[in-house]
Amino acid sequence: MSRSLVVSSVSLRGRMLGGLLAGAALLSACGDAGSTLDPGGTVTPQSPALAEPLPAEVLSVLNLPSTPDNYANPSLPSHFRSAYVRASDNTPSDNALTDAGATLGRVLFYDPILSQNRSIACASCHAQDKGFGDPNPVSQGFSGGLTTRNAMPIIDSRYYRNGRFFWDERAATLEAQVVGPIQNSVEMGLTLPEAVARVQTQSYYPPLFKRAFGDEQVTSDRIAKALAQFARAIVSYRSRFDEGLARSGDIQASFSNFTTQENQGKALFLGRAGCAVCHLDSGPPAGPPAARPNQALFFIETAVNNGLDAQIDVGDDGLGDISGRTADKGRFKSPSLRNIAVTGPYMHDGRFTTLLQVIEHYNSGVQAHPNLDVRLRTSPTGPVVPRRLGLSAADVQAIAAFLGTLTDDALLTDATFSDPFRSPTRR
Ligand code: HEC
Ligand code: HEC
């Protein structure tokens with residue numbers, strides 16, 4: 001990419017930049033950092049103009065490197081480079097993940113000016129060391145009000161195949177989702193024009209917008225895009241599970257870096273306990289185990305009912321409250337199970353404190369909800385009879401131990417996802 005391309009007219013530059021960024025998206029979706037991409041070729045996400053060093057006034061407020069950290073091309077292991085994972089990437093063509101865009105998103109994510117009384121940021125409810133979730137069952141908004149649901153951990157949202165966000169999937173895209181909390185009257189309590197005005201007045205933002213989008217203009221669309229890029233950059237691929245899978249190449253095999261108990265838990269998760277049919281495989285009909293197309297993403301396919309309650313109309317009916325359809329009542333999305341050991345409490349209302357309680361729910365506590373997913377019933381037809389697993393206490397412990405192998409300490413402590421502000425008083 002030559003500098004001359006960048007100095008042409010603004011609209012031409014916008015179009016070309018869009019094309020280049022879309023190209024970068026395709027490549028980064030392949031995620032093969034080990035491949036022989038031409039480092040000086042047209043695939044670099046940032047143009048030379050956009051990679052200009054940040055001015056001193058920005059660096060005095062923010063602890064950022066002068067060239068952006070790498071978010072667009074993580075060194076993903078091979079199980080993340082499968083056709084299944086590539087097809088699950090919900091990155092839209094007009095918002096490719098770039099290092100400069102995710103850097104801007106990171107600053108916005110940690111900036112409390114996005115809440116009415118400047119008291120909380122996205123990160124207040126989505127803490128890095130808690131898998132970008134909240135250890136409280138419900139979260140406190142800017143003026144002490146409580147959210148009605150548990151804050152979802154933000155992990156691998158880039159790969160939620162269904163591309164819909166929140167427990168009830170009411171946000172059609174991540175770009176639409178990320179500006180929801182800013183406007184929510186309990187969470188952050190600003191209008192989008194107010195948010196734009198606040199961002200515009202901070203001296204550290206214009207250079208970051210310029211690097212991310214080509215000029216200094218602050219718009220709510222760009223705020224949404226940058227926050228979505230940062231969220232999509234939060235990919236978890238460095239857990240002990242990933243290490244074991246990379247070594248063995250087969251999710252069914254015993255992993256040499258696992259304890260006996262963890263391997264037993266993995267076998268139960270994939271087999272008899274039937275967790276994988278929802279949380280790993282692509283939904284019914286599950287392929288034969290050897291043909292598992294997905295060994296990387298611990299998402300469910302779409303919102304379903306997992307038998308937490310026996311009744312409909314319990315106050316929060318998830319998808320059913322959005323669609324108005326009785327058949328959707330009690331159906332919820334599940335966040336990724338990656339890092340699940342640190343993202344408690346669990347379920348949309350945070351009702352379970354420990355993983356043992358969650359597993360015991362599936363073992364013996366599934367309720368005969370009219371919309372209970374067929375995979376949790378004894379029979380797909382006839383009256384709803386919840387399946388009972390008959391797991392021993394040792395089996396329950398083993399599944400919990402396996403879930404613990406999905407904890408990705410490298411991500412939870414990665415400095416490139418941490419608070420970039422040098423001092424809270426400078427904001
Ligand atoms: C006051 C706490 C709070 C704040 C502040 C907050 N969130 Fe959330 N977040 C939540 C809760 C609660 C949910 C689940 C809400 C629901 O489903 O109705 C959620 C859900 C999400 C999800 C959906 C994940 C998924 O898999 O569907 C994303 C992404 C997200 N928040 C990003 C953000 C961003 C970006 C910001 C800052 C602009 C932010 N949040 C600020 C509490 C908060
Ligand atoms: C029928 C599909 C299905 C099956 C089978 C299933 N789950 Fe779930 N799981 C869900 C849904 C849906 C949710 C979210 C429900 C809610 O919050 O209302 C969920 C939530 C969870 C959560 C909490 C996620 C969070 O972030 O709060 C954990 C942990 C979990 N499941 C583990 C398991 C384990 C372990 C098994 C096997 C014993 C299993 N699941 C079997 C559908 C399923």
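**Exercise 1. Which residues of H13 are buried, and what covers them?**

Solution. In this predicted model, the buried residues of H13 are Glu-262, Gly-265, Lys-266, Leu-268, Phe-269 and Leu-270. The cover over these buried residues includes H14 and H17. Ala-267 also belongs to helix H13. A residue needs 20 or more other C-beta atoms within 10 Å to be buried; Ala-267 has 16 C-beta neighbours inside 10 Å and therefore counts as partly exposed. Ala-267 lies 8.6 Å from Ser-254, C-alpha to C-alpha, at a separation of 13 residues in sequence.

**Exercise 2. Describe how H13 and H17 pack, starting from the geometry and ending with the residues in contact.**

Solution. Two packed helices are described by the angle between their axes and the distance between the axes. Helix H13 covers residues 260-270 and helix H17 residues 393-404; the angle between them is about 95 degrees and their axes are 7 Å apart. An angle of 65 to 115 degrees counts as roughly perpendicular, so H13 is roughly perpendicular to H17. The next step is to list the two sides of the contact.

- From H13: Gln-261, Glu-262, Gln-264, Gly-265, Lys-266, Leu-268 and Phe-269.
- From H17: Asp-395, Ala-398, Ile-399, Ala-400, Ala-401 and Phe-402.

Sorted by class, this contact of H13 with H17 has 7 nonpolar, 3 polar and 3 charged residues.

**Exercise 3. Where does Leu-391 lie, and with which residues is Leu-391 in contact beyond its neighbours within four places in sequence?**

Solution. Leu-391 is in the loop between H16 and H17. Its 19 C-beta neighbours inside 10 Å mean that Leu-391 counts as partly exposed. Once the neighbours within four places in sequence are set aside, the contacts of Leu-391 are Ala-273, Asn-363 and Val-396. Leu-391 and Leu-268 are 123 residues apart along the chain, and their C-alpha atoms are separated by 9.4 Å. For the protein chain in general, contacts between residues at least 6 apart in sequence join residues at least 24 apart in 69% of cases.

**Exercise 4. Check the length of H11 against the expected span, then state how far the helix is enclosed.**

Solution. At 1.5 Å a residue, the 14 residues of H11 should span 20 Å. The end C-alpha atoms of H11 are 20 Å apart, so the expected span and the model agree. For burial, 12 of the 14 residues of H11 are buried, so H11 is largely enclosed by the rest of the structure. Among these buried residues are Arg-222, Lys-225, Gln-229, Phe-230 and Arg-232. The buried residues of H11 pack against helix H5 (99-109), H7, helix H9 (192-201) and helix H10 (205-213). In the protein chain, buried residues make up 43% of the 427 residues, and the secondary structure comes to 18 helices and 0 strands.

**Exercise 5. Describe the shells around ligand 1 and ligand 2.**

Solution. Take ligand 1 to begin with.

- The shell around ligand 1 has 27 residues, the closest being Cys-122, Cys-125, Phe-165, Phe-166 and Pro-181.
- Helix H6 (122-125), helix H7 (174-178), helix H8 (180-183) and helix H11 (220-233) each supply at least two residues of this shell.
- H6 gives the largest share, 3 residues.
- By class, the shell around ligand 1 has 18 nonpolar, 7 polar and 2 charged residues.

Ligand 2 follows by the steps below.

- Around ligand 2 there are 27 residues, of which Cys-275, Cys-278, Phe-332, Ser-334 and Asp-373 come nearest.
- Helix H14 (276-279) and helix H16 (355-365) each supply at least two residues of the shell around ligand 2.
- By class, the shell around ligand 2 has 19 nonpolar, 6 polar and 2 charged residues.

**Exercise 6. Locate Asp-156, Asp-313 and Pro-345 and describe their backbone geometry.**

Solution. Asp-156 is in the loop between H6 and H7. Phi of Asp-156 is near 60 degrees, a positive value in a residue other than glycine. Asp-156 has 25 C-beta neighbours inside 10 Å and so counts as buried.

Asp-313 is in the loop between H14 and H15, and its phi is near 60 degrees, a positive value in a residue other than glycine. With 12 C-beta neighbours inside 10 Å, Asp-313 counts as exposed.

Pro-345 is in the loop between helix H15 (319-323) and H16. The peptide bond that runs from Gly-344 to Pro-345 is cis, with omega near 0 degrees.

Definitions and conventions:
Residues are numbered from 1 along each chain as its sequence is written. Chains are lettered from A and ligands numbered from 1 in the order in which they are written. This is a predicted model: local features need pLDDT of at least 70, side-chain atom pairs count only at pLDDT 80 or more; totals for chains, interfaces and linings use all residues. A residue is near a molecule or strand if its C-beta atom, placed from the backbone, lies within 6 Å of it. Ala, Val, Leu, Ile, Met, Phe, Trp, Tyr, Cys and Pro count as nonpolar, Asp, Glu, Lys and Arg as charged, and the others, Gly among them, as polar. Axes are lines fitted to C-alpha atoms, for helices over the stretch in contact, and angles run from 0 to 180 degrees between N-to-C directions. Angles under 35 degrees count as roughly parallel, over 145 as roughly antiparallel, 65 to 115 as roughly perpendicular and the rest as oblique. Two residues are in contact if their C-beta atoms, placed from the backbone, lie within 7 Å. The expected span of a helix is 1.5 Å times one less than its number of residues.
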